[in-house]
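The following exercises ask the reader to work through a structure step by step. Each task is followed by a worked solution.

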There are 2 protein chains.
Amino acid sequence: MEAAVRDRIYEFLLESGLRRTAQRDAIIEAAFSHTDHYTAEELLVRSRGIEPSVSRATVYRTLPLLVESGLLKELDLGKDQMLYDPNYIEHPRHSHLICIDCNRIVEFEDRNIDTLENCITKRLGFSPATKQTRIEASCDELKRSGACAHRVAQDL
Amino acid sequence: MEAAVRDRIYEFLLESGLRRTAQRDAIIEAAFSHTDHYTAEELLVRSRGIEPSVSRATVYRTLPLLVESGLLKELDLGKDQMLYDPNYIEHPRHSHLICIDCNRIVEFEDRNIDTLENCITKRLGFSPATKQTRIEASCDELKRSGACAHRVAQDL
DNA sequence: TTAAATGCAAATTATTTGCAGAAGC
DNA sequence: GCTTCTGCAAATAATTTGCATTTAA
């Protein structure tokens with residue numbers, strides 16, 4: 001986990017009057033030491049790898065705090081579990097494309113969509129708070145060659 | 001419910017080899033006789049108003065059929081229940097803005113967003129299947145006047 | 001007649017919560 | 001010391017499912 005990220009998180013805890021505990025430290029460490037998305041359950045497993053006493057309840061109680069701090073993004077990609085995305089710190093405006101062939105999630109960032117959505121919102125008489133663009137799509141490469149190389153997101 | 005919609009639905013049932021039952025008729029009638037969004041539970045109540053024998057299980061078993069037919073759109077707007085939107089027949093590309101002040105859902109349609117999302121998807125090497133844009137926003141009128149007149153969507 | 005559809009009730013499953021004990025400040 | 005935090009286990013709630021019965025074709 002980067003020092004800058006750690007600083008921002010503990011600053012947030014301090015400001016909010018939240019206490020520092022071994023369990024929270026472990027969850028925070030687990031939450032921001034990868035760049036991939038994870039479920040609450042996966043975060044529990046990772047956290048327990050650092051501090052075995054972490055319980056499921058504490059993970060579920062800590063996640064909303066991190067989301068509220070703006071450091072972690074809760075993603076609802078249409079599955080039955082929420083996903084958590086630690087990459088919003090560095091790319092606060094990215095969107096998601098979900099491959100319907102292999103479930104891969106591709107993150108992309110597009111200034112034009114962002115601007116366009118702001119305009120539309122304003123035109124309707126609102127001020128944007130949260131915007132989410134979710135594109136489900138099929139892989140062209142798979143269609144062509146029959147195999148789907150896990151290409152990396154091209155726009156981040 | 002419009003005759004054209006009814007025709008398309010029963011054509012779909014026929015093509016799929018699905019049987020026509022009193023319960024399905026009632027659910028279909030209830031599903032397409034309003035333009036507002038509804039939950040499975042609300043649809044159950046409406047369906048029972050037409051045919052009292054409709055059970056919750058049958059509603060939950062019928063909804064995926066209607067969604068699969070393309071006549072009904074399943075919306076995941078971040079609540080704990082799915083919402084169903086019968087307006088996709090007439091406006092297949094509309095998006096949703098959710099007012100964080102009053103929970104009102106405003107439907108809007110924007111050709112530019114549509115085009116832009118198609119381009120991005122192609123550029124990433126995919127072909128778009130489902131696209132969902134969800135904007136959560138606060139009401140400017142509420143901020144100004146302290147009251148939030150339920151303005152009608154301006155773009156449909 | 002026979003395969004599909006239904007109602008009921010129980011199962012499933014992610015998430016939340018009450019509570020008593022533990023721990024930070 | 002006082003309040004917050006925690007683990008545990010039970011509660012919650014939308015949706016799904018097994019099964020015996022009914023019904024459309």
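**Exercise 1. Describe how the protein meets DNA strand C.**

Solution. A polar backbone atom of B:Arg19 lies 3.2 Å from a phosphate oxygen of DNA strand C. This and every other value below comes from a predicted model.

Step 1: collect further polar contacts. A backbone N or O atom of B:Val54 is 3.4 Å from a phosphate oxygen of DNA strand C. In the side chain of B:Gln23, an N or O atom is 3.3 Å from a sugar or linking oxygen of DNA strand C.

Step 2: identify the contributing elements. Two or more residues of the surface near DNA strand C are given by each of H4 of chain A, helix H2 (22-32) of chain B and H4 of chain B.

Step 3: survey the surroundings. DNA strand C is surrounded by 19 residues, and the closest are A:Tyr60, B:Thr21, B:Ser53, B:Ser55 and B:Thr58. By class, this surface has 6 nonpolar, 6 polar and 7 charged residues.

Step 4: ask which parts of the DNA are involved. Of the atoms of DNA strand C within 4 Å of the protein, 70% belong to sugar or phosphate, and the rest belong to bases.

**Exercise 2. Carry out the corresponding analysis for DNA strand D.**

Solution. Step 1: survey the surroundings. There are 21 residues around DNA strand D, of which A:Thr21, A:Ser53, A:Ser55, A:Thr58 and B:Tyr60 come nearest. The residues of this surface divide into 7 nonpolar, 6 polar and 8 charged.

Step 2: identify the contributing elements. Helix H2 (22-32) and helix H4 (56-69) of chain A, together with helix H4 (56-68) of chain B, each supply at least two residues of the surface near DNA strand D. H4(B) provides the largest share, 4 residues.

Step 3: separate contacts to phosphate from contacts to bases. An N or O atom in the side chain of A:Thr21 is 2.7 Å from a phosphate oxygen of DNA strand D. For the side chain of A:Arg24, the distance from an N or O atom to a phosphate oxygen of DNA strand D is 2.9 Å. The side chain of A:Arg61 has an N or O atom 2.9 Å from a base nitrogen of DNA strand D.

Step 4: consider the DNA atoms within 4 Å of the protein. Sugar or phosphate accounts for 69% of these atoms of DNA strand D, and bases for the rest.

**Exercise 3. Establish the order of elements in chain A and the layout of the sheet.**

Solution. Step 1: list the elements. Chain A has 6 helices and 5 strands. From the N terminus on, they run α-α-α-α-β-β-β-β-α-β-α.

Step 2: place the strands. An open sheet of 6 strands, with mixed pairing, has the order S4(A)-S3(A)-S5(A)-S5(B)-S3(B)-S4(B). Strand S4 (105-108) of chain A and S4 of chain B stand at the edges, each with a single partner strand, so one side of each is left without a neighbour in the sheet. On average, neighbouring strands of this sheet are turned by 20° against each other, direction ignored.

Step 3: add the packing helices. Helix H5 (residues 111-123) of chain A packs on the sheet and touches S5 of chain A together with S3, S4 and S5 of chain B; its direction makes about 135° with that of S5(A). Helix H5 (residues 111-123) of chain B lies across S3, S4 and S5 of chain A together with S5 of chain B, and runs at about 135° to S5(B).

Step 4: examine the strand pairs. In chain A, 4 bridges join strand S3 (residues 95-99) to S4(A), and the two run antiparallel. The bridge partner of A:Ser95 in S4(A) is A:Phe108. In chain B, 4 bridges join strand S3 (residues 95-99) to strand S4 (residues 105-108), again antiparallel. Here B:His96 stands opposite B:Glu107. S3(B) and S4(B) form a hairpin with 5 residues between them, and B:Asn103 in the turn has a positive phi of about 65°.

**Exercise 4. Determine how the two protein chains are related.**

Solution. Step 1: superpose the copies. A turn of 180° and a shift of 0.0 Å along the axis lay chain A on chain B with an RMSD of 0.1 Å. The two copies are thus related as by a two-fold rotation axis.

Step 2: locate the axis. Of the residues of chain A, A:Thr133 comes closest to the rotation axis, at 2.2 Å (C-alpha).

Step 3: compare the interfaces. Of the interface residues of chain A, 100% are also interface residues in chain B, so the copies meet through the same surface.

Definitions and conventions
Residues numbered from 1 in each chain as written. Chains lettered and ligands numbered in written order. Predicted model: local features only at pLDDT ≥ 70, side-chain atom pairs only at ≥ 80, totals over all residues. Heavy atoms only, no water. Pairing = 2+ DSSP bridges. Near = heavy atom within 4 Å. Polar contact = N/O pair within 3.5 Å; in protein donor to acceptor, adjacent residues only side chain to side chain. Nonpolar A, V, L, I, M, F, W, Y, C, P; charged D, E, K, R; others polar. Axes fitted to C-alpha atoms, helices over the stretch in contact; angles between N-to-C directions. Contact = heavy atoms within 4.5 Å. Least-squares fit on C-alpha atoms with pLDDT ≥ 70 in both.
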